[in-house]
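User: Please take a close look at one part of this model, the open sheet, and explain how its strands are arranged and paired.

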Amino acid sequence: PYDGPRAADILRKRLQYLSPSLFHFYNKPLNIVEGKMQYLYDEDGRRYLDAFGGIATVCCGHCHPDVIEAIINQTKKIQHSTVLYLNSAIADFAEALANKMPGDLKVVFFTNSGTEANELALMIARLYTGSQDIISIRNGYHGNAAATMGATAQSNWKFNVVQSGVHHALNPDQYRGHFGTDGEKYAKDVQEIIDFGTTGRIAGFISEAIQGVGGIMELAPGYLPAVYKMIRNAGGLCIADEVQAGFGRTGKHFWGFESHDVIPDIVTMAKGIGNGIPIGAVVTTPEIAQVLTRRSYFNTFGGNPVCTAGGHAVLKVLEKEKLQENAHLVGSHLKDRLSELKEKHEIIGDVRGRGLMLGVELVTDRQKKTPAKAEIAHVLDLMKDMGVLVGKGGFYGNVFRITPPLCFTKQDADFFVDVMDTALAKL
Ligand code: PMP
């Protein structure tokens, strides 16, 4: 049993010594002391089903033994910066990752986070094209440094820093958007930005396939193929941010962009790539990668042996345990059951997403789509009390984000829905 510091003590220290901007979901925040696959344990040994997986960071399960073993073995051998000497961990993982990529996407740059990966991708696009203008989609999230905060398009996550050279296109939002599910109509806005907001030449376009922070918004079908064509006609590169949707999470495909039938010029990833350890990556073509030889590009810990050994182990587990297939099977079942719940509870306005990246949007009025902000916070607490942890997000903070570890079972999915059903009934 756990005999370390209790929640109240930790909270007191957090309030005194840590960032005042930190937030938590629950009335009484949990002290999570252990994780095992899809379960988390608090200080009293109480077990919770984790349907959020640390914001999609845990892909093959908390403390997966194979990943732990790879990290420990590598830590015992050597952990250093990969810049000066050769090391097989980084080379082997880069090869394995490149093998998961379509087309000519074969060169990998490792970073420490999703923000760093997107910063690098945006810089590469600007260097390669010689243009500055970047187009991103409203409601997207891409990071918290200068360029990525500029590309992020939600006021909730933007500080007052100079955000130069970024244009935010209409969100192809199938739930609230003006053009419903017609992706090509939304895409016209991108052409108008190019025509009226730039010189006609641009550096690139960045988007998620399913907006995670934005509330599990799947881009309307037809949007990405149309936009990629426009971007390339204007000389720009297409960047796919796979920080949340990558690594088999969407079920049918390994990468989120694949369900839109496009091949990006640059793909960025983080979170799930390391099952919780800090690592990110940018993958691009050999030709585009050449731009970084114009100066020295240096990242002390990007691709360090311990994190790449861990990342490589994650890829192997995904394959060995057929977790992408599981995300498809369990995710489809879960989505069906959530859709049934929508028939029963008027407050559910929308059920959406793919695989184990699902969203449930709560509204107090289905016609007006009024965000049910207070209600969702209450349901979240009720579900926690019944042993289920789930995320929330979206611009209005009224969307359940369901992104569990990919080892989630059908029984877990049923339990999840039953608990959500009970909590909604108590409203
Ligand atoms: N892109 C997306 C789609 C994300 O969801 C996030 C993190 N929420 C990031 C980029 C930034 O990643 P990180 O927090 O690792 O910097």
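**The open sheet**

Analyst: Leu-49 faces Val-388, which belongs to strand 16, and that contact is a good place to enter the sheet. This is a predicted model, in which local features need pLDDT of at least 70 and side-chain atom pairs count only at pLDDT 80 or more, while totals for chains, interfaces and linings use all residues. Residues are numbered from 1 along each chain as its sequence is written.

Strand 3 (residues 47–50) runs parallel to strand 16, the two being joined over two bridges; strands here are DSSP runs of E with at least two residues, numbered from the N terminus, and two strands pair if DSSP finds at least two bridges between them. The open sheet has four strands in the order 1-2-3-16, and its pairing is mixed. Because strand 1 (32–36) and strand 16 (388–389) stand at the edges with a single partner strand each, one side of each is left without a neighbour in the sheet.

The antiparallel part can be followed from strand 1 onward. Strand 1 pairs with strand 2 (residues 39–42) in the antiparallel sense over four bridges, and Lys-36 has Tyr-39 of strand 2 as its bridge partner. The hairpin of these two strands has two residues between them, and Met-37 there takes a positive phi near 50 degrees. Strand 2 is in turn antiparallel to strand 3, over three bridges, with Leu-40 opposite Tyr-48 of strand 3. In this second hairpin four residues lie between the strands, and Gly-45 takes a positive phi near 80 degrees.
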